[in-house]
Amino acid sequence: MNKKKNIWGTIMVLALIALILVLAYLAWYLFQDYMGIRHQQELQEQVTISQTEEETQEPEEQEEEEEPDPDSLGKEGESTEVPDSVFVDMENPIDFNALEEINPDLYAWIQLDNTNINYPIAQREGDDGFYLHHDMYGDAVFAGCLYTEGCNSKDWTDPMTIVYGHNMRNQTMFYDLHKFNDPQFFEDNRYFYIYTKDCIRVYEIYAAFFYDDRRTLEYFDLDDREQFQSYIDDLKNGTLDGYQGGTIRQETQVDADSRIVTLQTCVGSGGESRFLVQGVLVSEGGKVVNVENE
């Protein structure tokens, strides 16, 4: 009898220890989430240029809208040109001198309207995976930081640049990319913006789709114009290797002369699928690029 009591006593002690460890891990995980959000808020306050003076200025009188040129209208009466509002001479809202003082690996900033995606982008020389689990300050956290790999240049001139980020349950990092899986949200939110020290770039979103876990920049030689064009064509046709379904904006002009940015995150808590949002450069430093005006 005493032997059985000792066995049950040991089991209860082990179970209690296991419970304590689980609760400790849960507390650590929640703390990491909290610190990630807090660090991001602090960083935004540090590097975002105040626009209070601009907001208090008297608004200028708006010019009367001109009637659209009939030659610029598509078959359904919709303009085939990118709206002029996309190409306004925007002021860069990020103080990159302050950002570099915080962490010299932070070289760009991305913002998507109607999402929580408003983050710096890092690249670590010699260690592509560093920011998978390190934040914008270089501290070890599970959520990591948005980042690009060394195979991509920092001047955004590659045929395709891929920005990686976690799909966090607390709705941070690239969690909101999944909003683009909704066709209506995809239709209503057409552009994203990448800021660098010397330039503001505007990208038109033309694809949001599920994909397998292959490494795109290793599997495809996108520096080869023919392969790059084949990649673009196959994606638009839904025949791209690894494509698992999504939404494609067929009318958007994309070709071998284009510059594409792919935003990539995971699906669920792991697995072999990824969710990608792709945009093509349409404005760089206020100048229109990659757009055919009929």
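How many salt bridges does the structure hold? The structure holds 12. Keep in mind as you look around that this is a predicted model. Let's walk through some of its features one selection at a time.

**Stop 1: Asp105 and Arg124**

Select Asp105 and Arg124 and show their side chains. These two form a salt bridge, and their closest N and O atoms are 2.9 Å apart. Asp105 sits in the loop between α3 (96-102) and β1 (106-112), while Arg124 belongs to the loop between β2 (118-122) and β3 (146-147), so the bridge ties together parts that are 19 residues apart in sequence. Turn on the surface if you like: Asp105 counts as buried at 13% relative accessibility, whereas Arg124, at 32%, counts as partly exposed. Keep Arg124 in mind, as we will come back to it.

**Stop 2: Lys179 and Asp176**

Now pick Lys179 and Asp176. They too form a salt bridge, with 3.8 Å between the closest N and O atoms. Is Asp176 buried or exposed? Asp176 is buried, with a relative accessible area of 3%. Its partner Lys179 is partly exposed, at 35%.

**Stop 3: Arg249 and Glu187**

Next, select Arg249 together with Glu187. In this salt bridge the closest N and O atoms lie 3.4 Å apart. The pair links distant parts of the chain, 62 residues apart: Arg249 is in the loop between β7 (243-248) and β8 (260-266), and Glu187 is in helix α4 (residues 183-188). Arg249 is buried, with a relative accessible area of 2%, while Glu187 is partly exposed, with 43%.

Before leaving the charged residues, highlight Glu149, Arg215 and Glu218. Salt bridges that share partners join these three into one network. Glu149 will also turn up again at a later stop.

**Stop 4: aromatic pairs**

Switch your attention to the rings. The structure holds 10 aromatic pairs. Start with Phe130 and Tyr131: their ring centres are 4.9 Å apart and their planes meet at 85°, so this pair is edge-to-face. Phe130 counts as buried at 14% relative accessibility, and Tyr131 is buried with a relative accessible area of 1%.

For another arrangement, select Tyr147 and Tyr164. This aromatic pair is stacked, with 5.4 Å from centre to centre and 25° between the planes. It links distant parts of the chain, since Tyr147 is in strand β3 and Tyr164 is in strand β4 (residues 160-164), 17 residues apart. Both Tyr147 and Tyr164 are buried.

Which residues do ring pairs link into a cluster? Select Phe209, Tyr211 and Tyr243 to see it.

**Stop 5: charges over rings**

Here are two places to look down onto a ring. Lys154 lies over the face of Tyr107, 5.4 Å from the ring centre. At Tyr219, the charged end of Arg214 sits over the ring, 4.3 Å from its centre.

**Stop 6: a cavity**

If your viewer can display internal space, try it now. There are two cavities of 30 Å³ or more in the structure. The second largest has a volume of about 30 Å³. Which residues line the second largest cavity? Select Ala122, Gln123, Arg124, Asp127, Asp128, Tyr131, Tyr147, Thr148, Glu149 and Gly150 to see its lining. Some names here are familiar: Arg124 from the salt bridge with Asp105, Tyr131 from the edge-to-face pair, Tyr147 from the stacked pair, and Glu149 from the salt-bridge network. Colour the lining by type and you will find three nonpolar, three polar and four charged residues.

**Stop 7: two positive phi angles**

Now look at the backbone. Trp156 has a positive phi of about 60° although it is not a glycine. You will find Trp156 in the loop between β3 and β4, and at 1% relative accessibility it counts as buried. Met173 is another residue other than glycine with a positive phi, near 55°. Met173 lies in the loop between β4 and α4 and counts as buried at 6% relative accessibility.

**Last stop: Asp223**

Finish at Asp223, in the loop between α5 (216-219) and α6 (225-237). Is Asp223 buried or exposed? Asp223 is exposed, with a relative accessible area of 64%. Add Asp158 to your selection: the two residues are 65 apart along the chain, and their C-alpha atoms are separated by 7.9 Å.

Key. Residues are numbered from 1 along each chain as its sequence is written. This is a predicted model: local features need pLDDT of at least 70, side-chain atom pairs count only at pLDDT 80 or more; totals for chains, interfaces and linings use all residues. Side-chain values use heavy atoms; hydrogens and water are left out. A salt bridge is a side-chain nitrogen of Lys or Arg within 4 Å of a carboxyl oxygen of Asp or Glu. Helices (H or I, at least four residues) and strands (E, at least two) are DSSP runs, numbered from the N terminus. Buried means under 20% relative accessible area, exposed over 50%, partly exposed in between (1.4 Å probe, protein chains only). On a 1 Å grid over the protein atoms alone, a cavity is a set of points where a 1.4 Å probe fits but cannot get out, and a pocket is an open set with protein on both sides within 12 Å along at least five of seven lines; lining residues have an atom within 4 Å of a point. Grid points are joined across faces, edges and corners, and a volume is the space filled by probe spheres set on the points. Ala, Val, Leu, Ile, Met, Phe, Trp, Tyr, Cys and Pro count as nonpolar, Asp, Glu, Lys and Arg as charged, and the others, Gly among them, as polar. Rings of Phe, Tyr and Trp (its six-membered ring) pair if their centres lie within 6.5 Å; planes under 30 degrees apart count as stacked, over 60 as edge-to-face and the rest as tilted. A charge sits over a ring if NZ of Lys or CZ of Arg is within 6 Å of the ring centre and within 35 degrees of the ring normal.
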